[in-house]
Structures are given as structure tokens and as C-alpha cells.
Amino acid sequence: MYPVIIRPFCHLTVSQYHRIVQAREAVFFLEQHITAPDADAVDPQSVFLWMEDGERVVAFLRIIPAGVVYAEASIGRVLVDAGYRRRGLCRHLMQEALRHIAGQWGPQPVRISAQKHLADFYRSLGFEVVSDEYFEAGIPHVKMLLRN
């Protein structure tokens with residue numbers, strides 16, 4: 001397993017942010033063909049968690065504090081590089097993110113906007129579906145909540 005790096009946006013180096021953007025573009029733009037802007041006003045308010053293999057970001061997510069996107073803390077931009085899937089990286093990264101949220105802000109609910117085909121994965125982490133299906137960037141999603 002690769003070590004998890006945790007940094008608030010303001011503590012990222014230019015090189016780290018560049019590698020993260022490359023990974024996000026590879027998955028969201030090139031693989032999933034999402035044409036909505038990726039880097040947004042939420043990035044500077046977020047905490048980034050990622051894993052690297054050498055200089056390559058192989059898994060990533062961002063933690064968004066409560067009150068920024070949702071009333072609850074949230075996790076978004078979750079990705080695993082196509083060549084590194086099915087190795088447990090996403091599960092490990094999500095567990096670290098949930099630990100970080102609890103450690104920073106105490107036990108609290110966490111909301112996510114999950115691609116519908118990944119709902120069972122997030123259920124296995126304790127999340128429950130709390131919305132009807134909707135489309136985000138042309139992909140079916142559901143809102144999910146982890147109640148604490």
C-alpha cells in the first residue's frame with residue numbers, strides 16, 4: 001500500500017498540485033469525458049489526500065469542510081488511476097479521509113455525490129443513499145450520507 005499524503009490546499013507545492021491536476025484530468029476528462037471545469041473555487045478550501053507511486057498520483061480525493069458545498073463535511077473528486085484499480089486504494093484513502101474528518105472536526109455526518117455505479121462500494125463504508133438519481137456532468141449520481 002502506498003502512503004497517504006494529507007495536505008490542506010494552501011500547503012501544496014506547485015509540483016504536487018500539478019501532479020494532482022494531471023491525475024484528475026486523466027480520469028475525469030480523458031477517461032470519463034467530463035467537460036465541466038475540474039479545478040474550482042472549492043479546491044482552495046479543501047484538504048487533499050492522495051497516494052503516489054514514484055512521482056505519479058495513483059489515488060486522490062478532497063475533503064471539503066462543512067458549510068462549503070453542503071451543510072455537512074463532504075468528500076469529492078475521488079479517483080484511482082486506471083492501472084491501480086482493484087487494489088484497495090480507494091477504500092484505504094476513504095477510510096483515511098473519514099479518520100481525518102473525525103480527528104479535525106469531531107464525529108459528524110459526511111455527504112458525498114457518488115456515481116451511481118459506485119453506490120455499493122460507498123455503502124460498504126457505511127454511506128446510505130439519500131436522494132433520487134440525478135445527472136452530474138452527464139453521469140448518473142446519487143447523494144449519499146454517512147451518519148455519525
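**Close-up views of a predicted model**

The lining of the largest pocket breaks down into 24 nonpolar, eight polar and 13 charged residues. Here Ala, Val, Leu, Ile, Met, Phe, Trp, Tyr, Cys and Pro count as nonpolar, Asp, Glu, Lys and Arg as charged, and the others, Gly among them, as polar. This is a predicted model, where local features need pLDDT of at least 70, side-chain atom pairs count only at pLDDT 80 or more, and totals for chains, interfaces and linings use all residues. Residues are numbered from 1 along each chain as its sequence is written, and side-chain values use heavy atoms, leaving out hydrogens and water.

**View 1. Helix H2 and its buried side.** Helices are DSSP runs (H or I, at least four residues), numbered from the N terminus. The 17 residues of H2 should span 24 Å at 1.5 Å a residue (1.5 Å times one less than the number of residues), and that agrees with its end C-alpha atoms, which sit 24 Å apart. Which residues of H2 are buried (under 20% relative accessible area, 1.4 Å probe, protein chains only)? They are Leu-89, Cys-90, Leu-93, Met-94, Ala-97, Leu-98, His-100 and Ile-101. These cover an arc of only 165° around the axis (taken from the directions from the helix axis to the C-beta atoms), so they lie on the same side of H2.

**View 2. Just after H2.** Gly-106 follows H2, and its phi is positive, near 80°.

**View 3. A look at Ser-124.** The backbone oxygen of Phe-121 is 2.5 Å from a polar atom of the Ser-124 side chain. Arg-91 is 33 residues from Ser-124 along the chain, yet their C-alpha atoms are separated by 9.3 Å.

How values were computed. Helices (H or I, at least four residues) and strands (E, at least two) are DSSP runs, numbered from the N terminus. Buried means under 20% relative accessible area, exposed over 50%, partly exposed in between (1.4 Å probe, protein chains only). A polar contact is a pair of N or O atoms within 3.5 Å; within protein, one must be able to donate a hydrogen and the other to accept it, and residues adjacent in sequence count only if both atoms are side-chain atoms.
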